[in-house]
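This report looks at charged side-chain pairs and then at one helix. Please keep the sequence and the model in view while reading.

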Amino acid sequence: MTAAPGATPGRDTGGSMPERPTSRERATPASGARGAADRVRLSHAQTRTTMRVALAFIVAAALAGAAGTARWLPLHLFLAGAMMLAISGVSLMLTVTWSAAPAPPDRWATAQRTLLAAGAAGVAVGRHAELGDAVVGVAAVAYLGGLALLAGLLAVTARRGVERRFDPAVAAYLTALAFGTVGVGLGAWMAVVTQSVWMRPAHVTINVLGLVGLVAGGTLPYFASTVGRSKMAPHASRRRLFVSVVGQATTLVVAVVALAADAPVLAGIAFGGYALGILAVLESLPRPTRRQLQWAGPRVLALWAGGLWWAVAVAATALDAAADRVVLGDRWLVVLVVAGYAQILWGSLAYLLPMLRGGGHQRLSEGFASTRSWLGLGAANVAGLSAATDQPVAVTATVVAVWVLDSAWRAARVGTARADRPGEAPAPR
């Protein structure tokens, strides 16, 4: 995301970037302004609702981890629930903003959110409580429906847009959802029918690096510029970003095929290629200046640090795969999820929550100050270091608990309801 020439960065206009008017809007400024305001307002309202559900899944994941349940349950609640709901809400909002497109109808956004949340919760409850294959199967079908509907909404929204600069991000989202459909289907097959040795690593790889990873890689070059209130990196061209998406998707396909074919060396090479793709994504991010660091601080550094931990975890996985060891086993999966993806999500929410609340420049500044946490940034990276160096689980859990409590307090201060601007009539929340 980048600011248009002459625009004021960080303005409460839509959360991503001030938009250049189309020729139609310039010809009819009043109606054009109303149209832009309406689509941004509707998109923000949909995203606020989705973020509330995502935050509920984060709380559920934290409680499941604190209760000492099997590790898959908090990971499932966080990745399939919180992370994917955040992705679904934010990807739609960013596509509306970046493409200057109308927001999807409320009923479709609600249906997509409901299918995804119900599916993630149903699989978690069905498997944890051993309610039977039928419950898990129905929940998995609902989840797949949510992914398919999200893909349809993204494609339609992008097609109705007038801006094409951000097509690489939308392409990354659609590619990720295609991977996710395969990964979730494979997981459902394992849970309900049968499983082979290669299925578990393939399922985890497809979902964690395909569904979540490609979305992160497609978003970061744009989103980092918004979080830091800067222009995009000059070398982050559309062509280069498209190549990055294709490269990561290709290495991921090769890795999964190699796992299924029991070809460890090829799998290691493919994972190594994916890790290089992560570094290429980070190289496409704008370099924050001292002034931007003073303003954004932990928010923008979390995107960089999370990306680096993501690359480290995948590089370590490449070595494990080449040596025919467990792929994305406990240690590196925890590092990837906690220090990588969770930290990127944390930095994103530290920007998005105040922006979605709005309320004018003063309220925005107050919100950004509330979410500017050096303690949270430090805790995220200490937790990653603890997990990477195989410290006792209690050490990592304690640091994560500090991080979660600090983040919860700050998120509660900002809230998830829309704030009215001074002198503005109250609007529906």
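A salt bridge here is a side-chain nitrogen of Lys or Arg within 4 Å of a carboxyl oxygen of Asp or Glu. This is a predicted model, in which local features need pLDDT of at least 70 and side-chain atom pairs count only at pLDDT 80 or more, while totals for chains, interfaces and linings use all residues. Residues are numbered from 1 along each chain as its sequence is written, and side-chain values use heavy atoms, with hydrogens and water left out.

Searching the whole structure gives six salt bridges, including the three tabulated here.

| Pair | Closest N to O distance |
|---|---|
| R240 and E283 | 2.4 Å |
| E283 and R287 | 3.5 Å |
| D320 and R325 | 2.9 Å |

Through shared partners, R240, E283 and R287 are joined into one network. Is D320 buried or exposed (buried meaning under 20% relative accessible area, exposed over 50%, partly exposed in between, with a 1.4 Å probe and protein chains only)? D320 is buried, at 12% relative accessible area, whereas its partner R325 is partly exposed at 47%.

Helix α14 (helices being DSSP runs of H or I, at least four residues, numbered from the N terminus) covers residues 374–388. Its buried residues, among them G376, L377 and A380, pack against α11, α12 and α15, contact meaning heavy atoms within 4.5 Å. Just after α14, D390 takes a positive phi of about 60 degrees.

Conventions:
Helices (H or I, at least four residues) and strands (E, at least two) are DSSP runs, numbered from the N terminus. The expected span of a helix is 1.5 Å times one less than its number of residues.
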